[in-house]
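Student: Please give me a close look at one part of this model, the packing, and then follow it outward to the side chains and backbone that go with it. I would like one connected account, with the reasoning shown where there is some.

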Amino acid sequence: MVRTYKRKTDGPTYSEEDLKHAVKHIEVEKWSYRKSSAHFKIPLGALSSHILKLRNTNIGHPTALACEEERYLVDLKAMEDRIKKLCLVVLWKMLNLLEKSQNIFNMAASGFCEEADRRVVVVKRGTKYANQ
């Protein structure tokens, strides 16, 4: 049989508005946690944990770059990619390859090699002779 959990209390006895007012009194009017907790009838632990959550927005290890530096690097990388694409288009137009697609060669299929002395042959493992 599955057990069902029954809450022993009805939840918080304070409203979100009371919590906001208490935080405002602590931060602006420099009330103590105890005075604000007693005045607004909010538990001291709940009040202090809420204020700590508001103050500690940077959770985790600090980043190596500031936000502006990171945005600059991202924009620089995007610009570099656009320049590379533009250079390829200009190069293709200069070589007139867009109109003459028969001039485009695949070096692997055509047999052209950069190094004439070096050759690589791919065969099944255990094959004694590559031409058989």
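**Packing and its surroundings**

Tutor: Helix 2 and helix 3 cross in a right-handed sense. This is a predicted model, and everything below is computed from it. Two packed helices are described by the angle between their axes and the distance between those axes. For helix 2 and helix 3 the angle is about 120 degrees, and the axes are 9 Å apart. Roughly perpendicular ends at 115 degrees and roughly antiparallel needs over 145, so helix 2 and helix 3 count as oblique to each other.

Helix 2 has a second packing partner in helix 1. Here the angle is about 150 degrees, with the axes of helix 1 and helix 2 10 Å apart. The cut-off for roughly antiparallel is over 145 degrees, so helix 1 and helix 2 fall into that class. The crossing of helix 1 and helix 2 is right-handed.

Next come the loops that join these helices. Helix 1 spans 16-27 and helix 2 spans 33-40, and lysine 30 lies in the loop between them. Most residues other than glycine have a negative phi. Lysine 30 has a positive phi, near 60 degrees. The relative accessibility of lysine 30 is 67%, so this residue counts as exposed. On the other side of helix 2, the loop leading to helix 3 (44-55) holds lysine 41. Phi of lysine 41 is positive, near 55 degrees, and this residue is not glycine either. Lysine 41 has a relative accessible area of 65% and is therefore exposed.

The aromatic side chains come next. A search of the whole structure gives 1 aromatic pair. That pair is tryptophan 31 with phenylalanine 40, whose ring centres are 6.3 Å apart and whose planes meet at 35 degrees, a tilted arrangement. The class is tilted because 35 degrees is neither under the 30 that stacked requires nor over the 60 that edge-to-face requires. Both tryptophan 31 and phenylalanine 40 are buried. Tryptophan 31 has a further contact: the charged end of lysine 35 sits over its ring, 4.7 Å from the ring centre.

Away from this part, helix 4 (residues 67-95) includes aspartate 81 and lysine 77. The count of salt bridges comes to 2. In one of them, the side chains of aspartate 81 and lysine 77 meet with an N to O distance of 3.7 Å. Aspartate 81 and lysine 77 are 4 residues apart, so about one helical turn separates them. Aspartate 81 is partly exposed at 33% relative accessible area, and lysine 77 is partly exposed at 43%.

Another salt bridge joins lysine 84 to glutamate 80, with the closest N and O atoms 3.7 Å apart. Lysine 84 and glutamate 80 both lie in helix 4, with a spacing of 4 residues, about one turn of the helix. Lysine 84 has a relative accessible area of 46%, which means it counts as partly exposed. Glutamate 80, at 35%, is partly exposed.

To return to the packing you asked about: helix 2 packs with helix 3 at an oblique angle and with helix 1 in a roughly antiparallel way.

Conventions
Residues numbered from 1 in each chain as written. Predicted model: local features only at pLDDT ≥ 70, side-chain atom pairs only at ≥ 80, totals over all residues. Heavy atoms only, no water. Salt bridge = Lys/Arg side-chain N within 4 Å of Asp/Glu carboxyl O. Helix = DSSP H or I, 4+ residues; strand = E, 2+ residues; numbered from the N terminus. Buried < 20%, exposed > 50% of the residue type's maximum accessible area, 1.4 Å probe, protein only. Phe/Tyr/Trp six-rings, centres within 6.5 Å; stacked < 30°, edge-to-face > 60°. Lys NZ or Arg CZ within 6 Å of the ring centre and 35° of its normal. Axes fitted to C-alpha atoms, helices over the stretch in contact; angles between N-to-C directions. Parallel < 35°, antiparallel > 145°, perpendicular 65-115°, else oblique. Left-handed = near helix turned anticlockwise from the far one by under 90°.
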